[in-house]
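Here is a short report on one predicted model. The text below takes up a loop residue, the domain layout and a ligand site.

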Amino acid sequence: MTRRLSTARTAPRPGAAAAPASPWWRDAVVYQVYLRSFADGNGDGIGDLAGLRARLPYLAWLGVDAVWVNPHYPSGGADGGYDVVDHRAVDPDYGDVADVEALVEDARALGLRVLLDVVPNHSSDQHPWFRRALADPTSPEAGRYHFAPPSEAPPNNWRSLFGGPAWSRTPDGRWYLHLFSPEQPDLNWRDPAVAADFEDSLRFWLDRGVSGFRVDVAYGLFKDAALRDNPGSYSPTLFGHGPEQAMTWDQPEVHDVWRRWRAVCDEYPGTMLVGEVCLADLDRVARYSRPDELHQSLAFRLLKSSWDAAAFAEATTGALDAFGRVGAPVSWVLGNHDKDRMVSRFGGGAVGTARARAAALLLLALPGSAYVYAGDELGLPQAHVPEAARQDPIFHRSGGARAGRDGCRVPLPWNTAPGLGFSPAGAADPWLPVPAGWERHAVSRQAGEGGSTLTLYRRALALRKAHPALGSGAAEVSVEDGLLTVRCTGAGGAVRCVVNMGRSTRLVAGPGRVLLASTSRVRSSGSSLALPPDSAVWVTEG
Ligand code: GLC
Ligand code: CA
């Protein structure tokens, strides 16, 4: 029996029909570049802006609309660039401000937009403000962080997301708050100087032509004013934070910040903000994308769902319904720099690869925008990184109990030459070791190959652009014994994306025309299609 879960429109509502065209970001495909691992232009083994610039034609060829670049700012190096020392500068590892300007210009010439990452919840402990605050507890800079007077015990029971308590001591015995690593002191957003400085930083980059920002930890910033204990402890298996973490996240005041940032973006037409909002309750996530707040909030449910049709259906309908209620498009995500690669999450090997390919067709069919993590289009698995080479504070702070995120951050394989084209010939070793056999995933190997994952993504992206029912319009999700069907309707008719997440081959009735399949093993069977397990198909109706 088919259970119809939901019908949701994510296209602009009729009331908005007077607006010219739908803004670009509503159905954009955004390609996430982990800068350090994408392409090394100068041969020091570290990906950089020059390397990314040189590879922009690849992204245009692939068919994405925009590039989101993980933090490129000078950083203390404690958390992959998420410990920022100066938001209006570029880390010398990556280049300089002129390189960002050149990147934006080259991207524009290729029809691509550039989004940067902005990190407002915390700074680096090397930030001049924090250094001054350490040196002088009475300085104005000390008011921009959360300090507590010396005492035996920390001020409350808050825990760092990376492990251990969220409070550390300064050399003079005070406590300071860090919800991530101790090198990432949390900023005090009740101090107006903090807000003013971030608005300057937004304008600094918007004046240089960027099309917007991914906002790190957008559900953070404000903390309970009385620093009360949290009722429960953080569990990394949750979909996101919930009431057990009520004092640290999702405070009502934060929404005013997004209203102000939205107003800044409104001064720069065509720009947008997409927030990282890791909350368990999808309605609370969607609230960050009310019409006068962030344009989008990343929807992480699919990323956190195991290979199960009911789980996927729930993640999909939950997001369509919640974002639909606030009139925002869903921003779908299946991979990023914080989670294991989907090939490995879905079982690894041939099975994991088949499932990741099928999931890609779902991602690119759903109405809304889609975020593709660099390397997912190559079908990269999670890499094994030897412990001695691991960089991630999650690995180190958990005493090795948590593997950390290095395995989804290793350099991309571009070709089969020594160094795999990540760096120029004769360069230093890459900053993270590349696993043996990585060349089998190389862009150069997959580009001309009909059955490759890269070709599948490229075809899917081209079809999505050409077919109005894909990526925008309405979606109706149903699930039946492991078979997930999303019926997408738009001006040009309807397309069904059918994913077989069950264990046996299933018949898909009345298929119409097959636009694309994730496997070559789809067969006609009378008027139906036989869809093997772990595969997906796009079929037109009629
Ligand atoms: C976000 C980033 C993650 C980082 C954390 C702290 O979750 O995606 O990589 O470690 O924020 O800034
Ligand atoms: Ca470099």
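Arg174 sits in the loop that links β6 (167-169) to β7 (175-177). Is Arg174 buried or exposed? Its relative accessibility is 9%, so Arg174 counts as buried, the cut-off being under 20%.

The side chain of Arg174 has polar partners. One is the side chain of Asp172, in a polar contact at 3.1 Å. Another is the backbone oxygen of Leu134, 3.1 Å from a polar atom of the Arg174 side chain. Leaving aside residues up to four places away in sequence, Arg174 touches Ala133, Leu134, Pro137, Phe147, Ala148, Pro149, Pro150, Ser168 and Arg169.

The domain assignment splits the protein chain into domain 1 (2-123 + 192-461), domain 2 (128-177) and domain 3 (474-541). Between domain 2 and domain 3, the C-alpha centres are 55 Å apart.

Next, the ligand site. Ligand 1 has 14 residues around it. Those that come nearest are Asp79, Asp216, Glu276, His337 and Asp338. By class, this shell holds seven charged, three polar and four nonpolar residues.

The table gives distances from a side-chain N or O atom to an oxygen atom of ligand 1.

| Residue | Partner | Distance |
|---|---|---|
| Arg214 | oxygen atom of ligand 1 | 2.9 Å |
| Glu276 | oxygen atom of ligand 1 | 2.6 Å |
| His337 | oxygen atom of ligand 1 | 2.9 Å |

How much of ligand 1 does the protein bury? Taken alone, ligand 1 exposes 310 Å², and the protein buries 96% of that.

Technical notes
Residues numbered from 1 in each chain as written. Chains lettered and ligands numbered in written order. Predicted model: local features only at pLDDT ≥ 70, side-chain atom pairs only at ≥ 80, totals over all residues. Heavy atoms only, no water. Helix = DSSP H or I, 4+ residues; strand = E, 2+ residues; numbered from the N terminus. Buried < 20%, exposed > 50% of the residue type's maximum accessible area, 1.4 Å probe, protein only. Polar contact = N/O pair within 3.5 Å; in protein donor to acceptor, adjacent residues only side chain to side chain. Contact = heavy atoms within 4.5 Å. Domains from an automatic or database assignment. Near = heavy atom within 4 Å. Areas by Shrake-Rupley, 256 points an atom, 1.4 Å probe, with all protein chains shown as cover. Nonpolar A, V, L, I, M, F, W, Y, C, P; charged D, E, K, R; others polar.
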